[in-house]
Amino acid sequence: MAAVVAAVRAAAADPPPGARRAMTRTRTVLFWAAAAVLLIGHVVVAWHSLTVWRFWEDEAFNLTVPRNLIAGLGYASDGALSGSVITPFDPRISTGPVVLLPVAALLATGMDPVLAGRLVPLAFWVLLLAGLAVLGRRIGGRWAALLAVAVALAFTASAGVSPIQGPADLLGEIPAAALVVWALVVLPRRAWLAGLLVGLAVQAKLIALLVLPAFAVALWVLADGRGWGRILDTLRRSWLPLLMVGVPTLLVELTALVSLGPSGFVEHLRAMIRFVRSGGQDATTTVLQKLGTLADSWSIPAVLAVVAAVIAITLTVVGVVRRWRSASDADRLVIASTLAALVGALAFVGWWATAARLPLWVRHPAPGVFAFFPIIAASAVWAVRGLPRRGGLRVTGIVAAAVLAATVAGGATAHVISSFTPRDVTLQSQRAAVAPLADWVAENDVEWLAAEPWGAAVAPIVLTGAHLGLSDAPSMSDVPRLTGGTCTTETLADSGYFRICAAP
């Protein structure tokens, strides 16, 4: 009897070649079917983001920079939040030239401004997904790659008054995340290029500076030796990539110095420091409120999101601890990416959660969420693959990974389905509402319109082609107002939804 049991176990552990080939084919079919479904989901969300969802005020504000550049006014915003005057190198525009200069290039071709503005972030989104797929496969194989790309689809930052509606929004968070991911991809072989990509990420979105601790940890893991020897090797490997991090910012600031002159440049730096210190906001929030908001940003019940996060982090830590001392060269590459992701996620979420001035906008930590959360999920798959093939630990790991994958799949599916939910305002309805106002602006050669108030009136002004100001700015005292409310002065143009009112 013992011999029979042993034979059965051996057959189960080592199936015949025909059975192995059948299992391999089945897994391959399942993988490509899942990949196709995931691709369709991403295309659905991307299409809605590009052509359906409303053009909102932060996108419009950012678009004033490439529009002014094409008009010969330099790298300047309309200064809607800086006195409503043309403002070169406006610190309030935290989306940087890495995003806005390509938009200007598309505008120069005569392309529709909204599509030109949205195609650039969408291209970075594709770059982000490709980077996650490459890094995920390096970490844990093709299923880990699939899970990483699915995590990016599951995350939703569209809640609140300052959202990321989708991957095509003219914002810098997704481009920054894409550049950070590719920095991790190239880091083992071309550390200098990784540093340059991190520097470009900073010039896509200033908050990408929080990536630096994660970058430093990855360099340390990849260094040789132990103790002080490892630290010295880290320093030897790090000086060039860290120097390259500063190159894009140096070029931008040198351009600002030449454009503004010494006194203007000093004032520009002061304004930048004030903006960074305040975060541009003045809210009062708590850590628990922030973490609750983050948990609610996955299109599934928050408790499921928390469970998935605990599973992913636990499996990842277990994997790193088990392989730390006996890590092969391949394992070191994985551990470098994994620890960088853990440190990076902690830096972004920790900064946002503890910054009481910042509101409950999950957009703030979004670069870290998009870049690092998928890597942690992929590392969880790697950790399970490294568990002993026999025993309860392996079974527990597989079950936990299955729960993580199912939760991510549920969030991604819910996100895709929500794309079809009817919205009160769409890009098409905005264009229809603005068309009569744009005609009036063109006929009367109006250069400026003042939004009353900041919010829904901002995007329509940019869509009319006029410069954007705010009604409470002294420089706008004699400028017509655009509002969704009732005019208290003469109505100059009315589309039914928005109207242009004479200056008070």
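**Note on the predicted model: cores, helices and selected residues**

1. The largest nonpolar core holds 142 residues, and among these Leu128, Phe155, Trp298, Phe370 and Phe372 touch the most other members. Helix α14 (residues 366–385) supplies the largest share of this core, 14 residues. The structure is a predicted model, and the remarks that follow should be read accordingly.

2. Phe370 deserves a closer look, being one of the residues that touch the most other members of the largest core. Which residues does Phe370 touch, not counting residues up to four places away in sequence? They are Trp125, Leu128, Leu132, Ala152, Phe155, Ile164, Ile174 and Ala177. Two of these contacts, Leu128 and Phe155, are themselves named with Phe370 among the residues touching the most other core members.

3. A second core, separate from the largest one, has 5 residues, including Trp448, Ala450, Ala473 and Met476. As general background, nonpolar side chains in soluble globular proteins tend to be buried together.

4. Helix α6 (residues 142–154) has 13 residues, and its end C-alpha atoms are 18 Å apart, in agreement with the 18 Å that 1.5 Å a residue would give. Is α6 largely enclosed or exposed? Of its 13 residues 11 are buried, so the rest of the structure largely encloses this helix. The buried residues of α6 are Ala144, Ala145, Leu146, Leu147, Ala148, Val149, Ala150, Val151, Ala152, Leu153 and Ala154. Ala152 in this list is also one of the residues that Phe370 touches.

5. Helix α8 covers residues 191–202, 12 residues in total. From first C-alpha to last, α8 reaches 17 Å, close to the 16 Å expected at 1.5 Å a residue. Its buried residues are Ala194, Gly195, Leu197, Val198, Gly199, Ala201 and Val202. Against which helices do the buried residues of α8 pack? Their partners are α7 (173–186), α9 (212–222) and α10 (227–278).

6. Helices α11 (residues 287–295) and α13 (residues 329–354) pack with their axes 8 Å apart and at an angle of about 130 degrees. The two helices are therefore oblique to each other. On the α11 side the contact is made by Val287, Lys290, Leu291, Thr293 and Leu294, and on the α13 side by Val349, Trp352, Ala353 and Thr354. Sorted by class, this contact has 6 nonpolar, 2 polar and 1 charged residues.

7. Two residues other than glycine have a positive phi and merit inspection. Ser84 has phi near 60 degrees and lies in the loop between β1 (76–77) and β2 (87–88). Its relative accessible area is 2%, so Ser84 is buried. For Phe89, phi is near 50 degrees, and this residue lies in the loop between β2 and α4 (97–107). Phe89 also counts as buried, because its relative accessibility of 10% falls under the 20% cut-off.

8. Where is the cis peptide bond that involves Pro453? This bond joins Glu452 and Pro453, with omega about -5 degrees. Pro453 is found in the loop between β3 (448–451) and α17 (458–464). Trp448 and Ala450, within the residue range of β3, are among the members of the second core.

9. Arg394 is in helix α15 (residues 392–418). Is Arg394 buried or exposed? At 15% relative accessibility Arg394 counts as buried, because the cut-off for that class is under 20%. Not counting residues up to four places away in sequence, Arg394 touches Val384, Arg385, Gly386, Leu387, Pro388 and Arg389. Val384 is 10 residues from Arg394 in sequence, and their C-alpha atoms are 7.0 Å apart.

10. Ile231, in helix α10, is partly exposed, with a relative accessible area of 35%. Ile231 and Val221 are 10 residues apart along the chain, and 10.0 Å separates their C-alpha atoms.

11. Leu127 lies in helix α5 (residues 113–140) and counts as partly exposed at 35% relative accessibility. Leaving aside neighbours within four places in sequence, Leu127 is in contact with Ala178 and Trp182. Leu127 and Pro241 are 114 residues apart in sequence, with their C-alpha atoms 21 Å apart.

Terms used
Residues numbered from 1 in each chain as written. Predicted model: local features only at pLDDT ≥ 70, side-chain atom pairs only at ≥ 80, totals over all residues. Heavy atoms only, no water. Helix = DSSP H or I, 4+ residues; strand = E, 2+ residues; numbered from the N terminus. Expected span 1.5 Å × (residues − 1). Buried < 20%, exposed > 50% of the residue type's maximum accessible area, 1.4 Å probe, protein only. Contact = heavy atoms within 4.5 Å. Axes fitted to C-alpha atoms, helices over the stretch in contact; angles between N-to-C directions. Parallel < 35°, antiparallel > 145°, perpendicular 65-115°, else oblique. Nonpolar A, V, L, I, M, F, W, Y, C, P; charged D, E, K, R; others polar. Core = buried A, V, L, I, M, F, W, Y, C linked by side-chain atoms within 4.5 Å.
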